[in-house]
Amino acid sequence: MSDRGIRTATLGRIAAGLVVLGLVVFAGGLVPIGAAGGHTTVASWVLHTAMRRAVAFYAMGAEVPDLSAPGLARLGAGQFESGCAPCHGSPAGPSGGAAQAMLPPPPDLSDAADHWTPAELHWIVDQGVMMTGMPAWPARHREDEVWAMVAFLQRLPELDAQSYRALAYGEAEGPSRGLTLPADPPMADCVRCHGLEGRGPEGEAAVPGPIPRIDIQPRPALERALLDYAEGRRASGPMRHAVAGLNAATLSDLAARYAEAETDPAPALDPTQAASEQLARGERIAARGLPEQDVAACDACHAPSGERVREVFPRLAGQRAGYIEAQLRLYLADPPVGGGRFAELMTRAAHQLPPEDVPAVAQWYASRPPAPR
Ligand code: HEC
Ligand code: HEC
Ligand code: HEC
């Protein structure tokens, strides 16, 4: 055998020996998986380097939307308070004891935006981190919602306890309009994002963002939506989180309480703020559709009353334009992500509507006064 052959054979034997040793350690149960000892410096370095490289790789090429869009950071803050702060802590307080005992411990995120690009944060928050306790986003294909969380993480470094609470709690910080805050936990949580009457957050948080008005919906529509979120038929991270652990009776009660609250008679959009040709186009499609293009009249299903209208179908008059557009995008996604039990009806309608007409229809509905419930 040549020198080279001997060397190769020796290396082969060493390699085989290492594999056998590895298998003995692995199969023999000798890998130290206990959490009490902590990771060794080497293990910790290997894991973190692997995570950093993987995140950088997968986040490559992601398109970052405008993170300063109104209401985006506000929605992120609302969900952060209930969904992330228990592990990561927040400017309003540290995480709970159980989280501090986790290994690796959930890091303080106040400077996460300095270590990760927005695209990397998006990937981590959407996908989670395997075997660390960092969970994936609770709803698939809701990149839009994950961007809201990234928008918040970017604001986090500049927030103190007070400004954080203003953002995460909105009007729920104090009784408004003479109403007392509900003491029971599920309702108190809803109020942070939807306000006491379902009109949405107020104060600094009162920007027309991605949170829908729910003061315009009758009880059956509210109840159906809540069940759809709870039973996993309708995808939304913040809503999935809000209804987790609530039973059907509690959801029905919450729907009843919001349905009894007073509807704000003002539409989301002042009609004088929109171009009149836009509104006229929107009105036409809403009321009559575009028969020559096979577009059904939206009002056939969304008006407060009518032949095909059912109380479980959501109403649109007075709703925020941004929310209407965002929901339409979800129905158009591939695979479609929008809606719950009756999603199929709406997926078909959304595909018929020419994309360039979406803003006109959204503005028309937003400019209508809500119908009585
Ligand atoms: C059950 C506890 C838990 C919850 C809930 C949780 N995380 Fe984490 N998170 C972790 C742990 C543990 C890590 C550390 C992973 C590591 O170091 O590899 C982590 C890591 C992260 C990181 C990377 C931080 C860094 O600098 O390395 C970000 C960003 C993050 N989480 C954001 C969030 C957001 C946003 C939410 C809420 C939607 C959330 N996390 C919910 C436990 C949690
Ligand atoms: C962190 C903010 C947040 C919290 C807390 C929250 N919501 Fe929501 N809610 C949202 C967002 C955002 C949506 C739109 C989700 C989507 O895209 O489907 C929504 C949607 C809804 C809808 C459907 C509206 C429609 O037009 O289809 C209902 C009903 C609702 N929420 C009720 C509640 C109730 C009741 C609670 C308390 C148990 C609650 N929400 C807690 C943010 C929140
Ligand atoms: C055949 C009946 C039908 C027609 C026509 C229809 N929709 Fe819908 N739409 C629905 C139903 C049903 C839902 C609720 C689906 C679900 O959540 O299961 C819905 C949901 C929506 C939502 C989400 C509302 C919310 O509160 O979450 C928007 C926005 C919407 N439709 C806009 C439109 C527009 C704009 C048109 C006209 C181009 C239209 N729809 C035509 C039946 C219809």
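Six donors count as octahedral if opposite donors are over 155 degrees apart and all others lie between 65 and 115. Keep that rule at hand for the two iron sites on this tour. The model is predicted.

**Stop 1: the iron of ligand 3**

Select the iron atom of ligand 3. His302 coordinates this iron through NE2, and Met346 does so through SD, at 2.0 to 2.1 Å. Now check the angles. They run from 88 to 179° among the six donor atoms, and the site is octahedral. The two residues link distant parts of the chain, 44 residues apart. His302 sits in helix α15, residues 299–302, and Met346 sits in helix α17, residues 343–352. Colour both side chains. Are they buried or exposed? Both His302 and Met346 are buried.

**Stop 2: the shell of ligand 3**

Widen the selection to everything around ligand 3. There are 26 surrounding residues. The closest are Cys298, Cys301, His302, Phe342 and Met346. By class, the shell splits into 17 nonpolar, five polar and four charged residues.

Show the helices next. α15, α16 (321–332) and α17 each give at least two residues to this shell. Which of them supplies the largest share? That is α16, with five residues. Colour by domain as well. Domain 1 (72–92 + 107–260) and domain 2 (271–366) each contribute at least three residues to the shell around ligand 3.

Then pick out the polar contacts to oxygen atoms of ligand 3:

- Tyr323: an N or O atom of the side chain is 2.8 Å from a ligand oxygen.
- Arg224: a polar side-chain atom lies 3.1 Å from a ligand oxygen.
- Arg341: here a polar backbone atom is the partner, 3.4 Å from a ligand oxygen.

**Stop 3: ligand 2**

Move to ligand 2. How many residues surround this ligand? The count is 25, and the closest are Cys190, Cys193, His194, Tyr229 and Met239. Sorted by class, they are 16 nonpolar, six polar and three charged.

Turn the helices on again. At least two shell residues come from each of α3 (72–83), α10 (185–194), α11 (219–230), α12 (237–243) and α16. α10 gives the most, with five residues. Note α16 in that list: this helix also supplies residues to the shell around ligand 3.

Now label the side chains that face oxygen atoms of ligand 2:

- Tyr229: a polar side-chain atom lies 2.7 Å from a ligand oxygen.
- Gln327: a polar side-chain atom lies 2.8 Å from a ligand oxygen.
- Arg142: a side-chain N or O atom is 3.0 Å from a ligand oxygen.

**Stop 4: the iron of ligand 1**

Finish at the iron atom of ligand 1. Which residues coordinate this iron? They are His88, through NE2, and Met134, through SD, at 2.0 to 2.1 Å. The angles among the six donor atoms range from 86 to 178°, and this site is octahedral. Trace the chain between the two residues. His88 lies in helix α4 (residues 85–88), while Met134 lies in the loop between α7 (118–127) and α8 (143–155), so the pair ties together parts that are 46 residues apart in sequence.

Last, look at the accessibility of each residue. Buried means under 20% relative accessible area. His88 has 14% relative accessibility, so this residue counts as buried. Met134 has a relative accessible area of 24% and is partly exposed.

Note on methods
Residues are numbered from 1 along each chain as its sequence is written. Chains are lettered from A and ligands numbered from 1 in the order in which they are written. This is a predicted model: local features need pLDDT of at least 70, side-chain atom pairs count only at pLDDT 80 or more; totals for chains, interfaces and linings use all residues. Side-chain values use heavy atoms; hydrogens and water are left out. Donors are N, O and S atoms within 2.8 Å of the metal (3.2 Å for Na, K and Ca); water is not among the atoms, so sites may look incomplete. Four donors count as tetrahedral if all angles lie between 85 and 135 degrees; four count as square planar and six as octahedral if opposite donors are over 155 degrees apart and all others between 65 and 115; anything else is irregular. Helices (H or I, at least four residues) and strands (E, at least two) are DSSP runs, numbered from the N terminus. Buried means under 20% relative accessible area, exposed over 50%, partly exposed in between (1.4 Å probe, protein chains only). A residue is near a molecule or strand if one of its heavy atoms lies within 4 Å of it. A polar contact is a pair of N or O atoms within 3.5 Å; within protein, one must be able to donate a hydrogen and the other to accept it, and residues adjacent in sequence count only if both atoms are side-chain atoms. Ala, Val, Leu, Ile, Met, Phe, Trp, Tyr, Cys and Pro count as nonpolar, Asp, Glu, Lys and Arg as charged, and the others, Gly among them, as polar. Domain bounds come from an automatic or database domain assignment.
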